[in-house]
Amino acid sequence: MQIVTHAPRLTLSPALRNHIERRLETAIKAFESRVRRISVRLIDLNGPKGGIDTRCRIQAQSTRGEELVVSGTGENGFAAVSYAVDRLHRLMRRRLGDRKAGRRHS
């Protein structure tokens with residue numbers, strides 16, 4: 001599986017890049033054989049104005065050619081990525097049909 005990250009107007013620190021990779025690997029572990037490529041795009045919506053202004057858009061392409069797209073907004077890249085990855089996991093569970101991936105064990 002290939003993960004491509006774009007952050008046109010943001011500085012993509014090694015910590016943020018690591019956060020993206022770790023969160024994606026954990027979230028899609030059950031679906032890894034069914035995902036061909038994931039594209040992550042981070043955008044600073046407000047520039048230097050501040051506020052909740054970072055959006056993360058994740059596009060995943062399944063091996064069947066299906067395109068899964070989610071986005072999340074947060075006050076920084078870490079929060080936006082976490083929100084979007086959680087949404088991607090739920091969407092994959094619904095669309096790719098792995099019911100076991102959503103179960104929690106105590």
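**Exercise 1.** Leaving aside its neighbours within four places in sequence, which residues is Ile 58 in contact with?

*Solution.* The model is predicted. Contact here means heavy atoms within 4.5 Å.
- Step 1. Skip the neighbours of Ile 58 within four places in sequence.
- Step 2. Read off the partners with lower numbers: Leu 24, Ile 38, Ser 39 and Val 40.
- Step 3. Add Leu 68, Val 69, Val 70, Ala 84, Val 85 and Leu 88.

**Exercise 2.** Find which members of the largest nonpolar core touch the most other members, and which elements give two or more residues to this core.

*Solution.*
- Step 1. The core holds 24 residues. Leu 24, Ile 38, Cys 56, Ile 58, Leu 88 and Met 92 touch the most other members.
- Step 2. Two or more residues come from each of helix 1 (14–27), strand 2 (35–44), strand 3 (54–62), strand 4 (67–74) and helix 2 (77–96).
- Step 3. Helix 2 supplies the largest share, eight residues.

**Exercise 3.** Work out the strand order of the sheet and name its edge strands.

*Solution.*
- Step 1. The sheet is open, with four strands in the order 1-2-3-4 and mixed pairing.
- Step 2. Strand 1 (2–6) and strand 4 each pair on one side only, and these are the edges.
- Step 3. On average, neighbouring strands are turned by 15° against each other, direction ignored.
- Step 4. Look at one pair: strand 3 and strand 4 run antiparallel, joined by eight bridges. Arg 57 has Ser 71 in strand 4 as its bridge partner.

**Exercise 4.** Which strands does each helix touch as it packs on the sheet?

*Solution.*
- Step 1. Helix 1 touches strand 1, strand 2 and strand 3. Its direction makes about 140° with that of strand 2.
- Step 2. Helix 2 touches strand 2, strand 3 and strand 4. Its direction makes about 150° with that of strand 4.

Note on methods: Residues are numbered from 1 along each chain as its sequence is written. This is a predicted model: local features need pLDDT of at least 70, side-chain atom pairs count only at pLDDT 80 or more; totals for chains, interfaces and linings use all residues. Side-chain values use heavy atoms; hydrogens and water are left out. A nonpolar core is a set of buried Ala, Val, Leu, Ile, Met, Phe, Trp, Tyr and Cys residues joined through side-chain atoms within 4.5 Å. Buried means under 20% relative accessible area, exposed over 50%, partly exposed in between (1.4 Å probe, protein chains only). Two strands pair if DSSP finds at least two bridges between them. Axes are lines fitted to C-alpha atoms, for helices over the stretch in contact, and angles run from 0 to 180 degrees between N-to-C directions.
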